[in-house]
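Student: I'm new to this structure and would love a close look at one part of it. Could you choose a good spot to begin and then lead me outward from there?

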Amino acid sequence: MNDDYEKIGILLSNMTNEVVSSRVRVRAIVELLGEKGLITREEYEERFKKVFERDAISYRNDLLKEVKIDE
């Protein structure tokens, strides 16, 4: 049982690191594009909503499939 808890802890840690890394990367890209005058914050927010609605469920499902395969 402790082995299961350890695996869950590692999985949660890895997921947290991935989320933080992804958010930092996106923020860096948005800042760079904004500084260069290539996009505005509003344009980014509009595109984010559009892409989120289009892709979020399939990305989530893909991740859940990967977790089940790795079990």
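Tutor: Happily! Let's start at Lys-7, which counts as exposed because its relative accessibility is 52%, and the cut-off for exposed is over 50%. Please keep in mind as we go that this is a predicted model.

Lys-7 has a charged partner, Asp-3, and the two form a salt bridge whose closest N and O atoms are 3.8 Å apart. Both residues sit in helix 1, 4 residues apart, which is about one turn of the helix. Asp-3 has a relative accessibility of 45%, so Asp-3 counts as partly exposed.

Now let's look at the helix that holds this pair. Helix 1 runs over residues 2–35. It has 34 residues, and from its first C-alpha to its last it reaches 49 Å, close to the 50 Å expected at 1.5 Å a residue. After helix 1 comes Gly-37, with a positive phi near 75 degrees.

Helix 1 also carries Leu-11, and this residue takes us to a nonpolar patch on the surface. Tyr-5, Ile-8, Leu-11, Leu-12 and Met-15 make up this patch, which covers about 490 Å². Leu-11 itself has a relative accessible area of 34%, so Leu-11 is partly exposed. Another residue of helix 1 is Asn-14. With a relative accessible area of 46%, Asn-14 is partly exposed too. If you would like a feel for distance, try going from Asn-14 to Arg-27: they are 13 residues apart along the chain, and their C-alpha atoms are separated by 20 Å.

How many salt bridges does the whole structure have, counting the one at Lys-7? A search finds 3. Let's visit the others in turn.

One joins Glu-45 to Arg-41, with the closest N and O atoms 3.9 Å apart. This pair lies in helix 2, and here too the partners are 4 residues apart, about one turn of the helix. Glu-45 is partly exposed because its relative accessible area is 31%. Arg-41 is partly exposed as well, at 46%.

Another joins Asp-55 to Arg-54, where the closest N and O atoms are 2.9 Å apart. Is Asp-55 buried or exposed? Its relative accessible area is 13%, so Asp-55 is buried; the cut-off for buried is under 20%. Its partner Arg-54, however, is exposed, with a relative accessible area of 55%.

To finish, let's turn from the surface to the empty space. Rolling a probe the size of a water molecule over the atoms shows where such space is left. In this model, the largest pocket holds about 1,300 Å³ of space. It is lined by 28 residues, and those closest to its centre are Ser-22, Arg-23, Val-26, Phe-48 and Tyr-59. Which helices supply the lining of the largest pocket? Helix 1 and helix 2, which spans residues 41–70, each give at least two residues. Helix 2 gives the most, with 16 residues.

So here is the route to retrace on your screen. Begin at exposed Lys-7 and find its salt bridge to Asp-3. Move along helix 1 to Leu-11, one of the residues in the nonpolar patch. Then look for the largest pocket, with Phe-48 and Tyr-59 among the residues closest to its centre.

Terms used: Residues are numbered from 1 along each chain as its sequence is written. This is a predicted model: local features need pLDDT of at least 70, side-chain atom pairs count only at pLDDT 80 or more; totals for chains, interfaces and linings use all residues. Side-chain values use heavy atoms; hydrogens and water are left out. Patches are made of residues with over 30% relative accessible area and no salt bridge: like charges are joined within 9 Å, nonpolar side chains (Val, Leu, Ile, Met, Phe, Trp, Tyr) within 5 Å. Accessible areas come from the Shrake-Rupley method with a 1.4 Å probe; for residues, only the protein chains shown count as cover. A salt bridge is a side-chain nitrogen of Lys or Arg within 4 Å of a carboxyl oxygen of Asp or Glu. Buried means under 20% relative accessible area, exposed over 50%, partly exposed in between (1.4 Å probe, protein chains only). The expected span of a helix is 1.5 Å times one less than its number of residues. On a 1 Å grid over the protein atoms alone, a cavity is a set of points where a 1.4 Å probe fits but cannot get out, and a pocket is an open set with protein on both sides within 12 Å along at least five of seven lines; lining residues have an atom within 4 Å of a point. Grid points are joined across faces, edges and corners, and a volume is the space filled by probe spheres set on the points.
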